[in-house]
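Please open the structure in a viewer and keep the sequence panel visible. The tour below proposes a series of selections and describes what is found at each.

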Amino acid sequence: MIKVTSDAANKLIKKKLEQEKGILTDKISKMSTFIVAITENYDQIKAEQEAEFNLNETISQIDEIDKKIITIRHAKSVFNNSVVMKNGFTVGDNIIRLAILEREKSIYSRLATRQKKIRNTSINKDIEYTYLNYDLEDAKKKYDSVYTEISEIQEELNIVNSSAEYKFEIDIDL
């Protein structure tokens, strides 16, 4: 049984398991074929290559790594969908909420930075003006509100991800 934080689980997947898997897939790419010169003994070279590389064994090792990754990601998913943060939403809900808020922030940023009145020149050389049909201050307030909410959620997520631990059953050397 291993007990880790979400940050540690991510590092375990990325820095250990995915790296080990990459080494094995590179091994398949490099060692799945071999070259024999006409003057060399094919059977001898093949026996030497088979001693260094066994495709089924390598695939089995990759499958074991994938099972470990699935176990860790499942534990993380259960954690994300069961731990409730201060705002009443789960970690998973807050991750989704952040994506929504980032889109809103982009919209309100554009609205909050417009000019109230813009001078245009029409095709017939008449001077025209484009006016906002909303209160610029309302857009700025909404932007500030969304920005603040993003900051608060992100801050709490950072604390949860680096301090709250969850457990899962896995055989791995840390």
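Begin by selecting Asn80 together with the residues it touches in this predicted model. Leaving aside neighbours within four places in sequence, Asn80 is in contact with Thr90, Val91, Gly92 and Ile95. Asn80 itself belongs to helix H3. Is Asn80 buried or exposed? Its relative accessibility is 11%, under the 20% limit, so Asn80 counts as buried. Next, add Arg97 to the selection and draw a distance between the two C-alpha atoms: Asn80 and Arg97 are 17 residues apart along the chain, and these atoms are separated by 13 Å.

Remain in helix H3 and move to His74, which also lies in this helix. At 53% relative accessibility, over the 50% limit, His74 counts as exposed. A second distance may be drawn from here to Asp63, 11 residues away along the chain; the C-alpha atoms of His74 and Asp63 are separated by 16 Å.

The next selection is the nonpolar core. Which residues have the most contacts inside the largest nonpolar core? They are Ile72, Tyr166 and Phe168, in a core of 26 residues. To see where the core comes from, colour strand S1 (2-5), helix H1 (6-31), helix H3 (55-80), helix H4 (91-112), helix H5 (136-163) and strand S4 (165-168), since each of these elements supplies at least two of its residues. Helix H3 provides the largest share, six residues.

Now centre the view on Tyr166. Apart from its neighbours within four places in sequence, Tyr166 is in contact with Ile2, Lys3, Val4, Thr5, Ser6, Ala9, Ile72, Ala75, Lys76 and Phe79. Ile72, also in this list of contacts, is another of the residues with the most contacts inside the core.

Proceed to Ile23, which is placed in helix H1. Ile23 has a relative accessible area of 54% and is therefore exposed. Select Ile62 as well: Ile23 and Ile62 are 39 residues apart in sequence, and their C-alpha atoms are 9.8 Å apart in space.

For the last single residue, go to the loop between strand S2 (117-121) and strand S3 (127-131), where Lys125 is found. What is the phi of Lys125? The angle is near 70 degrees, a positive value in a residue other than glycine. Most residues other than glycine have a negative phi. Lys125 is also exposed, with a relative accessible area of 67%.

Finally, clear the selections and show the whole protein chain. The chain contains five helices and four strands, and along the sequence these follow the pattern β-α-α-α-α-β-β-α-β. The radius of gyration is 28 Å, well over the 16 Å that the globule rule gives for 174 residues, so the chain is more spread out than a compact globule. Along its principal axes, the C-alpha trace spans about 90 × 50 × 15 Å.

With a surface displayed, further properties of the chain can be considered. Of its 174 residues, 24% count as buried. The chain exposes about 12,400 Å², of which carbon and sulfur atoms supply 51%. Among contacts between residues at least 6 apart in sequence, 70% join residues at least 24 apart. Colouring by charge completes the tour: the chain has 27 positive and 30 negative charges, and the mean positions of the two sets are 9 Å apart.

Conventions. Residues numbered from 1 in each chain as written. Predicted model: local features only at pLDDT ≥ 70, side-chain atom pairs only at ≥ 80, totals over all residues. Heavy atoms only, no water. Rg over C-alpha atoms; globule rule 2.2 N^0.38 Å. Buried < 20%, exposed > 50% of the residue type's maximum accessible area, 1.4 Å probe, protein only. Contact = heavy atoms within 4.5 Å. Areas by Shrake-Rupley, 256 points an atom, 1.4 Å probe, with all protein chains shown as cover. Lys, Arg positive; Asp, Glu negative; His and termini not counted. Charge placed at Lys NZ, Arg CZ, Asp CG, Glu CD. Core = buried A, V, L, I, M, F, W, Y, C linked by side-chain atoms within 4.5 Å.
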